[in-house]
Each structure stands twice: as structure tokens, then as C-alpha cells.
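Subject: A structure for you to look through

Hi,

Here is the structure I said I would pass on. Open it up and keep it beside you while you read my notes below.

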Amino acid sequence: MRVLLISANPEKFPNPVFPIGISYVAHALQPRHEVSLFDCIVDGEDALPEAIRTFEPDLVGISLRNVDMPQPGGRVYASDYRRVADIIKSATTAPLVLGGAAFTLFPQRYMEELGADYGIVGEGEFLGILVDAIDAGLDPDEANGGHGVPGLIRPGRPPTPPGRWTGRVGHAAASRRLFQTYQGFGGMLNLQTKRGCSLRCCYCTYPMVEGRVLRRHDVDSLVDEVERLRDGGARFLFFVDSVFNLDVDHTTAFAEALLRRGVKVPFAAYIAPWRLTPSYVGLLRAAGLTHAELGTESLSDPVLEAYGKPFRFDDVVRAHAVLGEAGVHRAHFLLFGGPGETRATVEETLARSATLANSVFFPGMTIRIYPGTPLHQRALAEGVVTPEDTLFDPVFYCSPDVDPAWLKERMAQEGSLRSNFVMDDSSDEMAALVRRAHARGRIIGPMWEFLCR
Ligand code: B12
């Protein structure tokens, strides 16, 4: 079958993110099926009708990555996705399949909004089973030995429970064309070393998007992949694991294998400020870790507890020091105004953040509520939302002990005093700066280290 996979993500902030979702799905389909990739950022929506006419797909998949920019007033992407679906429907009658993280969070809603034939919740590598069934003229519910396609959603049919993919994963050969373009966006490509998140942070969607059980990708194949990406021109990698250091043994084995085989590409990863010993961080640094994006969220212990974080302020201080001593750049993401927050805890976090030297802070204010999270349960219990609220239109939780207007003002004040306290309203400016620097080709990676103080 001829399968066209489209990344409909229009977002270029903080930088255009390589469409790893369609690349991984394509990898599972190739070489049995002929796959073509289309990226709305690189190729441009206007070129889509022609791409469809030329390729003549038997099936079209759209990847929906982001629901919205999760901050009050943030961009919502549903109308962008609808536009792409409409273009496809006017150019072909091939069945339309949806997938991606945003789809997984609101599957029924996107099915209706985009008028799709199928959707796959969770891991899109299962698309192969659907494609084979359609190719063989089988009812997809009868495929896979009668178990159906894991995660399949179809209008008017009961959904099939999502599965856990155990086959090979990685970037598709079909991605090479897009790799070239992303080199112009700072040379940053991406890779995943495992799936799943076993943490229980009260607001977080990751366990719903990826599942709770960790599935570790094979270390030697990962090193092969890093080597291929490097040879293909990658100058920087972002490891997209929910939390890179969630499995210390696996990341240790991976780092050791990178060193043993002499494959080195600088990389960034989401790191939890926890379980970071000097020898472990030293090893990661030697293997290429240059930027740690820390999901710290608060520096006040009662708030960390209410957020369901497995670490406390002392752990953050230790992690910050260990990373700094190893020469790794540090960015702390903070979430103000969630459960347990008071004016006093806000002040405590602000005061303590000033003691974490040589780093940058990305504060968020109030927390977007996603269905199925503990925060959703809390918001229901507190009457912030009702069971009828689908949460597709964003609702933000603010602790009853903090006035959101005061919080906004307090953050703006802090942002005006500290250049390393990066507020949302400076985002556009920062994104433009990053784009200019990347276009000049001299600077690679996320670049926030230039704001560190
Ligand atoms: C790493 C990451 C980032 C990094 C990316 C770095 C990089 N260079 O790649 C950074 C920090 C830049 C980032 C930024 C943002 N992110 Co982010 N990010 C993630 C994270 C942790 C992993 C994404 C990933 O690459 N996964 C690995 C790939 C392989 O998985 P995947 O793309 O989901 O694809 C799989 C399936 O979804 C499916 N699939 C995908 N496409 C298709 C298509 C079809 C047809 C089918 C059938 C299946 C299918 O199959 C794939 C393989 O199994 C996720 C959370 C998570 N755990 O998933 C959030 C997540 C995707 N991000 C999110 C958001 C909101 C953003 C931002 C908009 C705001 C922000 N938080 O900064 C920006 C937007 C950036 C942009 N330009 O688009 C949300 C999106 C949903 C939502 N809530 O709106 C998520 C889910 C986290 C969350 N808060 O809920 N992000």
C-alpha cells in the first residue's frame, strides 16, 4: 500500500521539532509499504494537494502532536488540523487515519472535528496491522488474530484497547529528506531511548500518552541510530524520553556503549533532579549530555509533595550542583499556582531559585487540566470543573490559596528583575532570536544557556 504520513504540527516555538512521530510510524511500515512523509512546516500546506496527486496514496495518516500551548491564552491548534484534513479530503478519497500525542489525549473529539475514518491511540507502530487489514480487504476488528488493531478508534464502533509495541523502533529511511532541512533549524534531531513514565506527577499526561510501564529500546540499536543520525548531519540530539534518567541502568548502558563505540553527538534531555550521582552524571556528560531540562516545577517541599514529585528541594540542590560540576547547562521548569501553592510557597520558590546559580528558569503559571489526571480529580472535587467539561477547551487550575492576578503580577515583576527568569511574553522574541542564530548556522542546540545567570 502507498501510505502518506503528514505532520500537521505548525508550531515553531521554541524551535521547529523534527516530526519524530511520523518518522517512527513510517519505520514500522517500511519496507513492506511505500511511505512518503510530508511536513507542514517544511513542505508548506499549499504543496499538499500536489503531493497527494503525485503520490496517489491508498491511505493518509495525520500526526497531531500538540493540543495547545498549555498556558492561558496559548495557541490552540484544532483549526490548523482541520484545515489540513480538509485539504486532504478535497484531494483524495483514501481513508484518513489520525494519531499522535494530541490525538491520544482527545481521540473522540479529533475524530469528530476532522471527520476521520480511523484513529490510533498510543503507539502508531500498530498502523501496520490496519494497513495490512485494509490491503487484504479484512475488517480491521478481525485482524491480528481476531484481537483487532491495538488502540483503534472508528466512528460507531467500540475502541480497541491500546497495545504495547515490542517490535523495532527508530527513524525511517524516508526521513532523510527532512533531516536535511532540520539541519538548518539548529542541526537538532531527536531520538527516543525508552517509552513510558512510571512517575505520578498530578498534572501530567505522559503516562497517558506513553503508558506507565517502561519499555527500553535496545542499546546497540540506539547507538547505531545515533551513528546514522550523526553521519546524516545531526549536530545535536534531543532525547525525547519523558524522563531520561528514570532508568539509571539503561541510560548508563547506553552512555557506556556510545563511549565504547566512539559515537559522540552533543545532546539534551528531560532530567528529573533526583538520583543524580557524580559518577552517573560524569558518564552522561562524557557521552554527550550538554543540556539538562529539569522538570523541577517547585522549590517548596509541600508543593512538590502535592504535585506528586518523588524529590524535594534538597535533591534539587544536589542535582543542580552535580550537573554544574560536570559542566552540563541547566534549565529548571517551574509550575506556579498548582495544588498546595500559597503566596508563601511562591515566595519560597522564588527566593530559592535565586540560589541556584548559572541556570535559566522557565516559569508557568496555573496548570492546564488534562482528563484522567489526579489534578482532574482534584479539580472535579473542588468544583473547578464539572464532569461535563471535556477539557478540550483548556481549563487552568489555580490553587484556591493564590490569586491568579497577583501571581501574574508577581511573575512579571520577577521576570523584569532577572534575565534568566524567562516569561511567556518574551517567548516570541526569544524564538526569533533562536531562528536568526540557527540560520547563521553557528549555534546548535536549544540555546537557552545564553540566558543562564
Ligand atoms: C520531548 C518533548 C518536547 C521537546 C521536543 C524536543 C525535540 N527536538 O524533539 C520540546 C521541549 C522542544 C517540546 C516542546 C513542546 N511541547 Co512537548 N513533548 C515532548 C515529549 C516528552 C515527547 C515527544 C516525543 O518526541 N515522543 C516520542 C515520539 C516517538 O512519540 P510521538 O511523537 O507521540 O509519536 C508516537 C505516537 O504519538 C504515534 N503517532 C504519532 N504520529 C502519528 C500519526 C499517525 C497517523 C498514527 C497512527 C500514530 C502516530 O506513534 C508514534 C510512535 O509510537 C511529549 C510527552 C510525551 N511523553 O509524549 C511532550 C508533548 C508532545 N509536548 C507537548 C507540548 C504542549 C509542547 C509545546 C507546545 C509546549 C511546551 N510544553 O513547551 C512545545 C511545542 C514544540 C513544537 N515546536 O511543536 C504536549 C502535547 C499535547 C498537549 N498537551 O498539547 C506533550 C504530549 C506533553 C504534554 N504537556 O502534554 N516538547
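Where does the ligand lie relative to domain 1 (2-153) and domain 2 (184-451)? Both domains give residues to the shell around the ligand, so it lies between them. Before you go further, keep in mind that this is a predicted model.

**How far to trust it**

The average pLDDT over the chain is 95, and 96% of the residues score at least 70. Confidence is highest in S3, at 99, and lowest in helix H18 (residues 427-440), where the mean is 67.

**The two domains**

The chain is split into domain 1 (2-153) and domain 2 (184-451). Measuring from C-alpha atoms, their centres are 27 Å apart. Domain 1 puts 26 residues into the contact and domain 2 puts in 28 residues.

**Around the ligand**

Now zoom in on the ligand. It has 41 residues around it, and the closest are Ser-63, Val-67, Glu-125, Thr-205 and Tyr-370. Sorted by class, the shell holds 20 nonpolar, 14 polar and seven charged residues.

Some polar atoms are worth finding on your screen. A polar side-chain atom of Arg-195 is 3.4 Å from an oxygen atom of the ligand. Gly-100 uses a polar backbone atom instead, which sits 3.4 Å from a nitrogen atom of the ligand. For Ala-101, a backbone N or O atom is 3.5 Å from an oxygen atom of the ligand. The elements giving two or more residues to the shell are helix H1 (20-29), strand S3 (59-63), strand S4 (96-99), helix H5 (101-105) and helix H9 (206-210). Which of them gives the most? That would be H1, with four residues.

**Two residues on the inside**

Try Leu-127, which is in helix H7 (residues 127-135). Is Leu-127 buried or exposed? Its relative accessibility is 5%, so it counts as buried. Setting aside neighbours within four places in sequence, Leu-127 is in contact with Leu-5, Val-25, Leu-29, Leu-59, Val-97 and Ile-120. The C-alpha atoms of Leu-127 and Pro-150 are 8.8 Å apart, with the two positions 23 residues apart along the chain.

Then jump to Thr-373, in the loop between strand S15 (367-368) and helix H16 (374-381). Thr-373 is buried too, with a relative accessible area of 2%. Not counting residues up to four places away in sequence, Thr-373 touches Cys-202, Tyr-203, Cys-204 and Met-208.

**Backbone oddities**

Most residues other than glycine have a negative phi, and most peptide bonds are trans. That makes a few spots here fun to look up.

- Phe-13 and Pro-14 are joined by a cis peptide bond, with omega about -5°. Pro-14 is in the loop between strand S1 (2-7) and H1.
- Gln-30 and Pro-31 are also joined by a cis peptide bond, with omega about 0°. Pro-31 belongs to the loop between H1 and strand S2 (34-39).
- Glu-56 is not a glycine, yet has a positive phi of about 50°. You will find Glu-56 in the loop between helix H3 (48-55) and S3, and it is exposed, with a relative accessible area of 54%.
- Asn-144 is not a glycine either, and its phi is positive at about 60°. Asn-144 is in the loop between H7 and strand S6 (152-153), and at 36% relative accessibility it counts as partly exposed.

Have fun with it!

How values were computed
Residues are numbered from 1 along each chain as its sequence is written. This is a predicted model: local features need pLDDT of at least 70, side-chain atom pairs count only at pLDDT 80 or more; totals for chains, interfaces and linings use all residues. Side-chain values use heavy atoms; hydrogens and water are left out. A residue is near a molecule or strand if one of its heavy atoms lies within 4 Å of it. A polar contact is a pair of N or O atoms within 3.5 Å; within protein, one must be able to donate a hydrogen and the other to accept it, and residues adjacent in sequence count only if both atoms are side-chain atoms. Ala, Val, Leu, Ile, Met, Phe, Trp, Tyr, Cys and Pro count as nonpolar, Asp, Glu, Lys and Arg as charged, and the others, Gly among them, as polar. Domain bounds come from an automatic or database domain assignment. Buried means under 20% relative accessible area, exposed over 50%, partly exposed in between (1.4 Å probe, protein chains only). Contact means heavy atoms within 4.5 Å. pLDDT is the predictor's confidence in each residue, from 0 to 100.
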